[in-house]
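Colleague: I should like to learn how strand pairing and helix faces are read from a model. May we work through a case together?

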Amino acid sequence: MSNDLLAFGWDATLDRLLPPGCQPARVLAQHRDRWRVASAAGDLTAQVTGRLRHAGADLPITGDWVAVTARPAEGAATVHAVLPRRSCLVRRDPGPRPRAQPVAANVDLVLLVAGADGYRAVQPRRLERAAALAWEAGASPVLVLTKCDLVDDAADLLADTAAALPGVPGVGVGLDDDDGLDDLRALLRPARTAVLLGPSGAGKSTLTNRLLGADRQEIGGVREVDGKGRHTTTARELFLVPGGGAVIDTPGMRELGLWTGDAGGVEVVFADVEDLARACRFRDCGHGHEPGCAVQAAVDEGTLDPDRLEAWARLQREQAFADRKRDAEARRVARAQYKRLSRAVDARLREKEIDR
Ligand SMILES: Nc1nc2c(ncn2[C@@H]2O[C@H](COP(=O)(O)OP(=O)(O)O)[C@@H](O)[C@H]2O)c(=O)[nH]1
Ligand SMILES: [Mg+2]
Ligand SMILES: [Zn+2]
């Protein structure tokens, strides 16, 4: 097995999942209907088989492990299967139809990238949401406070966020110091994959380049615009970090809507509020004006930030909405499958009638 693939995280468990006659590759980036993959034969441009395309299965996304047959002389490969994902960062598609949008597969860490400048005004609510998505993905969130060189209270900011993001470690980085970078490098070993999540301009590409020790990503980059005049969100690219692990740089995503809810990401992020809620007198307490409400009592005492309470309620409502939409989507897929099946059966019956 190529050392590179081991560095990307290939292991014995994945090896057992590989279909016979195929070799493993990891998806570095997706460009419309082409995928750039890393394989033992080097980086190749891959297409998927027609069968995979029409099976209604998930198509490869950045970070996926795929089973390919390679044609190294042409620099090409064919993807026969997407191996089961160990984790997947998913957000709600910001388009009009509520559905899942997978962002990155097989990620161990989600780096919540936020600039220390202008942090106080906007970040806590976005970070809570991003942390919920990370837990939901089956990955661990890590706060990365960038631009620490621009403020003189970086340590205070990191301490503040520890309260808003229980259980999430924080790392500070600035252009003038490498300590934070070393901490991140340590988190990436051995062979872990981190995806960078944060608004445009937060310093994700700068961080990527510094981890790689090379200018691979454009800084302050003009974002790609597709034919419809919208910013494309497909430019998610995976890079191998020298010394171990991989990072996936992403374009800034304005919206981080919740989609899956099975892992209880919101409950984890708001564990403190959930604990309070369990202490309310009534099981179905609405945490408004009910007597014996422990949540409102904490707000009155000043131990719970009312904005945080509001954020918890908002994310819960959003999660409930996503759960309903997910159910509806599952029913729609089941109905479509049933229709296809019954059409096939009808056709078969008609053929038989003709035979008779
Ligand atoms: N002072 C300072 N500027 C930074 C730092 N990180 C990024 N920047 C600047 O912030 C701007 C946006 O950075 P970029 O990496 O393109 O952000 P991205 O949109 O998240 O990829 C650029 O002008 C960078 O030079 C940092 O740690 N300190
Ligand atoms: Mg960038
Ligand atoms: Zn209550």
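Modeller: Certainly. This is a predicted model. Let us begin with one pair of strands: E11 (residues 193-197) and E13 (residues 246-249) pair in the parallel sense, over three bridges. Within this pair, alanine 194 is placed opposite valine 247 of E13.

Colleague: Which helices pack on the sheet, and which strands do they touch?

Modeller: Helix H6 (residues 179-188) packs on the sheet and touches strands E8 (109-115), E9 (140-146), E10 and E11. The direction of H6 makes about 140 degrees with that of E10. Helix H7 (residues 204-212) also packs on the sheet, where it touches E8, E9, E11, E12 and E13. The direction of H7 makes about 155 degrees with that of E13.

Colleague: What is the order of the strands in the open sheet?

Modeller: The six strands run in the order E10-E9-E8-E11-E13-E12, and their pairing is mixed. Strands E10 (170-172) and E12 (237-240) stand at the edges; each has a single partner strand, so one side of each lacks a neighbour in the sheet. From one strand to the next, the twist averages 25 degrees.

Colleague: How does one read the faces of a helix?

Modeller: An α-helix has 3.6 residues a turn, so residues three or four places apart point the same way. In helix H5 (residues 154-164), the buried residues are Ala154, Leu157, Thr161 and Ala164. Viewed down the axis of H5, these buried residues fall within an arc of 70 degrees, and therefore line one face of the helix.

Colleague: Which residues are exposed on the other side of H5?

Modeller: Asp156, Ala159 and Ala163 are exposed there.

Notes
Residues are numbered from 1 along each chain as its sequence is written. Chains are lettered from A and ligands numbered from 1 in the order in which they are written. This is a predicted model: local features need pLDDT of at least 70, side-chain atom pairs count only at pLDDT 80 or more; totals for chains, interfaces and linings use all residues. Two strands pair if DSSP finds at least two bridges between them. Helices (H or I, at least four residues) and strands (E, at least two) are DSSP runs, numbered from the N terminus. Axes are lines fitted to C-alpha atoms, for helices over the stretch in contact, and angles run from 0 to 180 degrees between N-to-C directions. Two residues are in contact if their C-beta atoms, placed from the backbone, lie within 7 Å. A residue is buried if 20 or more other C-beta atoms lie within 10 Å of its own, exposed if 12 or fewer, and partly exposed in between; C-beta atoms are placed from the backbone. The arc is that of the directions from the helix axis to the C-beta atoms.
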